[in-house]
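Me: I am new to this structure and would like to go through it slowly, one question at a time. Could you show it to me before we begin?

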Amino acid sequence: MEKVTNKDIANFLDKQVSTVNGWASRNPKLLELVKLGAFCKKNNITINDIKTCIKMKELAKGGDEST
């Protein structure tokens with residue numbers, strides 16, 4: 001899996017890297033969410049992939065199979 005950098009995020013969003021860097025202090029929750037999305041985008045991870053992983057995790061813990 002490829003890591004995502006602030007430069008990658010800036011390119012995805014057509015923003016300056018300095019703008020993304022500023023989010024770390026001004027709005028760290030936004031940066032965290034954007035990093036998650038950019039990581040998925042960079043690694044071609046879809047919502048269905050994420051749902052499958054969650055289901056597998058629940059099954060491994062003995063969770064409800066119908067969800």
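Reply: What follows is a set of questions and answers about this model, which is a predicted one.

Me: How many salt bridges does the structure hold?
Reply: One pair is made by the side chains of Lys-42 and Glu-2, at 3.8 Å from N to O. Another is made by the side chains of Lys-42 and Asp-8, where the distance from N to O is 2.7 Å. The number of salt bridges in the structure is 2.

Me: Which residues are linked in a network of salt bridges?
Reply: The side chain of Lys-42 meets that of Glu-2 in a salt bridge, and the side chain of Lys-42 also meets that of Asp-8 in a salt bridge. The residues linked in this network are therefore Glu-2, Asp-8 and Lys-42.

Me: How many residues apart in sequence are the parts that the pair of Lys-42 and Asp-8 ties together?
Reply: The salt bridge between the side chains of Lys-42 and Asp-8 has a distance of 2.7 Å from N to O. Because Lys-42 lies in helix H3 whereas Asp-8 lies in helix H1, the pair ties together parts of the chain whose separation in sequence is 34 residues.

Me: Is Asp-8 buried or exposed?
Reply: Residues with under 20% relative accessible area count as buried. The relative accessibility of Asp-8 is 18%, whereas Lys-42, its partner in a salt bridge, has a relative accessible area of 25% and is partly exposed. Because its value falls under the cut-off, Asp-8 counts as buried.

Me: How many disulfides does the count come to?
Reply: A disulfide needs a pair of cysteine sulfur atoms within 2.5 Å. For Cys-40, which is buried with a relative accessible area of 18%, the nearest cysteine sulfur is that of Cys-53, 9.5 Å away. Neither residue is paired, as Cys-40 is in no disulfide and Cys-53 is in no disulfide. The count of disulfides therefore comes to 0.

Me: Which element gives the most to the largest nonpolar core?
Reply: The largest nonpolar core has 8 residues, namely Val-4, Ile-9, Ala-10, Val-20, Trp-23, Leu-31, Val-34 and Ala-38. The elements that give two or more residues to this core are H1, H2 and H3. With 3 residues, the element that gives the most to this core is H3.

Me: Which residues is Val-20 in contact with, leaving aside its neighbours within four places in sequence?
Reply: Val-20 is found in helix H2, which spans residues 17-26, and at 0% relative accessibility Val-20 counts as buried. Val-20 and Ala-10 are 10 residues apart in sequence, while their C-alpha atoms are 6.3 Å apart in space. Leaving aside neighbours within four places in sequence, the residues in contact with Val-20 are Asn-6, Ile-9, Ala-10 and Leu-31.

Me: Which residues make a nonpolar surface patch of about 260 Å²?
Reply: In soluble globular proteins, nonpolar side chains tend to be buried together. Ile-50, however, has its place in helix H4, residues 47-61, and at 32% relative accessibility Ile-50 counts as partly exposed. The residues that make this patch of about 260 Å² are Ile-47, Ile-50 and Ile-54.

Definitions and conventions
Residues numbered from 1 in each chain as written. Predicted model: local features only at pLDDT ≥ 70, side-chain atom pairs only at ≥ 80, totals over all residues. Heavy atoms only, no water. Salt bridge = Lys/Arg side-chain N within 4 Å of Asp/Glu carboxyl O. Buried < 20%, exposed > 50% of the residue type's maximum accessible area, 1.4 Å probe, protein only. Helix = DSSP H or I, 4+ residues; strand = E, 2+ residues; numbered from the N terminus. Contact = heavy atoms within 4.5 Å. Core = buried A, V, L, I, M, F, W, Y, C linked by side-chain atoms within 4.5 Å. Patch = residues over 30% accessible without salt bridge, like charges linked within 9 Å, V, L, I, M, F, W, Y side chains within 5 Å. Areas by Shrake-Rupley, 256 points an atom, 1.4 Å probe, with all protein chains shown as cover.
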